[in-house]
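Reader: I would like a close look at one part of this model. Start with a charged pair, then work outward.

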Amino acid sequence: MFPGSAQPQRLVLDTAVLVSRLLKPQSIPGQLVTWALHHAVVLVAQSTIAELVDVLNRPKFAAYIDRADSKDFVQELLGVSEWVTVTIAIQACRDPGDDQFLALAVAGQADAIISSDEDLLTLHPFHGISIQTPRVYWDQIDHPGSN
């Protein structure tokens with residue numbers, strides 16, 4: 001949780017951040033995903049899960065991520081996340097593929113979008129929703145190893 005906040009943060013984690021959890025679990029993004037799955041409300045939508053599954057099934061990741069680990073991770077994510085039905089269309093990002101994260105954040109009343117994607121970061125804040133890198137967000141939260 002954020003220091004001084006009684007409610008868990010409502011977060012949208014972009015695909016690259018989620019994939020980092022499998023590629024480099026000890027990295028800041030990897031640790032942040034693990035923390036978020038236990039201490040925040042992670043928001044997902046049909047489009048964001050479909051993109052995650054598509055990315056994890058790409059041949060280039062086969063040498064780095066075991067398919068069973070990918071499947072287990074997606075199941076864990078679905079088991080603890082809040083499913084949001086997105087009924088709004090947003091066209092605000094210079095990369096149209098990233099608009100799904102903005103729409104999810106607005107529809108799910110997110111507190112923050114966590115991304116390293118400059119196409120999203122340049123929109124900070126978006127409709128009052130913070131858009132931060134994993135490092136910036138990690139440095140603001142109470143987590144193992146923080147003061």
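Which residue forms a salt bridge with Glu82, and how far apart are the closest N and O atoms?

Author: Arg10 is the partner of Glu82, and their closest N and O atoms are 2.8 Å apart. A salt bridge here is a side-chain nitrogen of Lys or Arg within 4 Å of a carboxyl oxygen of Asp or Glu. The pair links distant parts of the chain. Glu82 sits in strand β3, residues 82–83. Arg10 sits in strand β1, residues 10–13. Along the chain, 72 residues separate them. (Helices, H or I of at least four residues, and strands, E of at least two, are DSSP runs numbered from the N terminus.) Glu82 is partly exposed, at a relative accessible area of 32%. (Buried means under 20% relative accessible area, exposed over 50%, partly exposed in between; 1.4 Å probe, protein chains only.)

Two notes on the basis. This is a predicted model: local features need pLDDT of at least 70, side-chain atom pairs count only at pLDDT 80 or more, and totals for chains, interfaces and linings use all residues. Residues are numbered from 1 along each chain as its sequence is written, and side-chain values use heavy atoms, with hydrogens and water left out.

Glu82 and Arg10 are not alone. The whole structure holds 4 salt bridges. One of them joins Asp54 to Arg58, with the closest N and O atoms 3.2 Å apart. Asp54 is partly exposed, with a relative accessible area of 44%. Arg58 is partly exposed as well, with a value of 35%.

Another salt bridge joins Arg135 to Asp139, with the closest N and O atoms 3.5 Å apart. Both residues belong to helix α7, residues 134–140. They are 4 residues apart, so about one helical turn separates them. Arg135 is partly exposed, with a relative accessible area of 45%. Asp139 is exposed, with 53%.

Now take a charged residue with no such partner. Asp99 is buried yet has no salt bridge. The nearest side chain of opposite charge belongs to Arg94, 10 Å away. (Lys and Arg count as positive, Asp and Glu as negative; His and the chain ends are not counted.) Asp99 lies in helix α5, which covers residues 99–107. What does Asp99 touch, leaving aside its neighbours within four places in sequence? The contacts are Ile90, Gln91, Ala92 and Cys93, where contact means heavy atoms within 4.5 Å.

Asp95 also merits a look. This residue lies in the loop between β3 and α5. Asp95 is partly exposed, with a relative accessible area of 29%. Its C-alpha atom is 14 Å from that of Thr15. Those two residues are 80 apart along the chain.

Next, the helix at the other end of that comparison. Helix α1 and helix α2 meet through side-by-side lists: Val17, Leu18, Ser20 and Arg21 in α1, and Pro29, Gly30, Val33 and Thr34 in α2.

The backbone deserves a check too. Most residues other than glycine have a negative phi, and most peptide bonds are trans. Gln109 has a positive phi, about 50°, though it is not a glycine. It lies in the loop between α5 and β4, the latter covering residues 112–114. Gln109 is exposed, with a relative accessible area of 64%.

His127 also has a positive phi, near 50°, and is a residue other than glycine. Its place is the loop between α6 and β5. His127 is exposed, at 63% relative accessible area. Its C-alpha atom is separated by 9.2 Å from that of Leu102. The two are 25 residues apart along the chain.

That loop holds a cis bond as well. The peptide bond from His124 to Pro125 is cis, with omega near -15°. Pro125 is found in the loop between α6, residues 118–121, and β5, residues 130–132.
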